[in-house]
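Me: Got a minute to go through this one with me? I'd like to talk about domains, pockets and salt bridges.
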Amino acid sequence: MSREWILRISCPDATGIVHAVTGVLADLDANITESQQFSSPDSRQFFLRLQFVAPVAERGDLEAALAEVAARHSMTIGLQPALERTRTLVLVSKAAHCLNTLLFQQSSGQLPIDVVGVAGNHDSLRPLAEFHGHDFHHIPITPETRAVAEAALVELVDELDVELIVLARYMQVLSPDLCARFAGRMINIHHSFLPSFKGAKPYHQAHARGVKLIGATAHYVTPDLDEGPIIEQDVARVDHNRSVADFVQRGQDVEAAVLARAVRWHAEGRILMDGHRTVVFT
């Protein structure tokens with residue numbers, strides 16, 4: 001019985017890489033259904049994403065078949081079944097827009113993720129999570145209990161076998177140790193196109209300054225606050241006719257859409273790392 005797989009490869013750029021990899025797949029009687037590649041002139045790295053159907057049921061068998069080619073080209077390989085849903089934990093505070101979009105898109109089949117739980121430092125979004133059939137875990141945080149709360153979060157991640165953590169407007173700064181622990185497995189969203197407006201009510205500040213573009217950035221979380229590798233960005237135009245409420249609404253719409261796209265691309269194995277940058281095969 002055939003199974004569809006997603007293969008991601010990064011390695012030093014050289015001739016013959018695609019030929020070598022596809023040759024292995026041909027020997028396995030595989031049929032390639034999607035192929036994307038990129039050769040970075042800056043890092044001299046080569047990136048390849050293949051989606052293929054093959055009569056191979058086990059990941060270990062495919063890895064064994066690719067082992068010689070991987071060693072010869074110093075490849076980093078990622079391999080996953082195409083239909084596998086990423087086990088995801090969503091972290092929230094009080095804002096509901098990003099969580100609502102993620103849960104709706106997951107339930108409607110637009111996101112290939114399995115939300116195994118929602119956790120928040122406030123309890124206010126419990127009804128929304130439970131409405132969609134997901135358990136809500138309240139993990140309150142104060143300056144005095146931050147270490148205890150993060151330990152509880154790590155325990156929850158382990159207990160639920162979480163593969164991806166999504167910060168859906170989670171308004172807490174995570175410790176460097178926690179960020180490092182989940183490197184490449186934690187995605188955040190923030191109002192990146194308002195860099196001059198920090199702190200509370202950024203859209204109110206933007207309205208007062210008369211900005212013309214508002215937007216959002218989804219990125220991987222790193223110990224450097226809001227400086228992780230960027231996955232996706234988008235903007236919306238605004239003008240002097242719009243109220244503060246319009247700014248907030250437009251901004252939240254962009255945030256939710258950008259975060260959902262980033263989560264989908266991660267779950268579909270479309271993101272590869274090129275140093276501090278991402279290569280995203282959309």
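Reply: What follows is a short talk through a predicted model.

Me: Domains to begin with. How is the protein divided in the assignment?
Reply: The assignment gives domain 1, residues 3-81, and domain 2, residues 86-280. Their C-alpha centres are 31 Å apart.

Me: And what does the contact between them look like, in residues and in area?
Reply: On the domain 1 side 16 residues are in contact, and they meet 10 residues of domain 2. About 850 Å² is buried between domain 1 and domain 2, with carbon and sulfur atoms giving 48% of that area.

Me: Which residues of domain 1 lose the most area there?
Reply: Arg8, Phe47 and Arg49. Together those residues account for 51% of what the domain 1 side buries.

Me: How many salt bridges are counted between domain 1 and domain 2?
Reply: Two.

Me: And over the whole structure? How many does a search find?
Reply: The search finds 14 salt bridges. One pairs arginine 270 with glutamate 34, at 2.8 Å from N to O. Arginine 270 sits in the loop between α8 and β12, while glutamate 34 belongs to strand β2 (residues 31-39), so this pair ties together parts that are 236 residues apart in sequence.

Me: What about arginine 277, what does that residue pair with?
Reply: Aspartate 42. The closest N and O atoms in that salt bridge are 3.4 Å apart.

Me: Switching to pockets. How much space is in the second largest pocket?
Reply: About 560 Å³. Its lining is made up of 25 residues, and those nearest the centre of the pocket are Arg8, Gln80, Gly184, His266 and Ile271.

Me: Arg8 again. Which domains does that lining draw on?
Reply: The lining of the second largest pocket takes at least three residues from each of domain 1 and domain 2. Arg8 is also among the domain 1 residues that lose the most area to domain 2.

Me: Which elements give two or more residues to the lining of that second largest pocket?
Reply: β1 (3-12), β4 (76-81), α8 (244-267) and β12 (271-274). The largest share is from β4, with four residues.

Me: And the chemistry of the lining, by class?
Reply: For the second largest pocket, 10 residues of the lining are nonpolar, nine are polar and six are charged.

Me: Now closed space. How many cavities of 30 Å³ or more does the structure hold?
Reply: One. The volume of the largest cavity is about 80 Å³.

Me: What lines the largest cavity?
Reply: The lining includes Leu91, Ala119, Asn121, Ile139, Glu150 and Tyr170. By class, the lining of the largest cavity has eight nonpolar residues, two polar and one charged.

Me: Which elements supply at least two residues each to that largest cavity's lining?
Reply: β6 (113-120) and α5 (146-160). The most comes from α5, which gives three residues to the lining of the largest cavity.

Me: Good, that covers my list.

Note on methods
Residues are numbered from 1 along each chain as its sequence is written. This is a predicted model: local features need pLDDT of at least 70, side-chain atom pairs count only at pLDDT 80 or more; totals for chains, interfaces and linings use all residues. Side-chain values use heavy atoms; hydrogens and water are left out. On a 1 Å grid over the protein atoms alone, a cavity is a set of points where a 1.4 Å probe fits but cannot get out, and a pocket is an open set with protein on both sides within 12 Å along at least five of seven lines; lining residues have an atom within 4 Å of a point. Grid points are joined across faces, edges and corners, and a volume is the space filled by probe spheres set on the points. Ala, Val, Leu, Ile, Met, Phe, Trp, Tyr, Cys and Pro count as nonpolar, Asp, Glu, Lys and Arg as charged, and the others, Gly among them, as polar. Domain bounds come from an automatic or database domain assignment. Contact means heavy atoms within 4.5 Å. Buried area is the accessible area (1.4 Å probe) that two parts lose on being put together, summed over both. A salt bridge is a side-chain nitrogen of Lys or Arg within 4 Å of a carboxyl oxygen of Asp or Glu.
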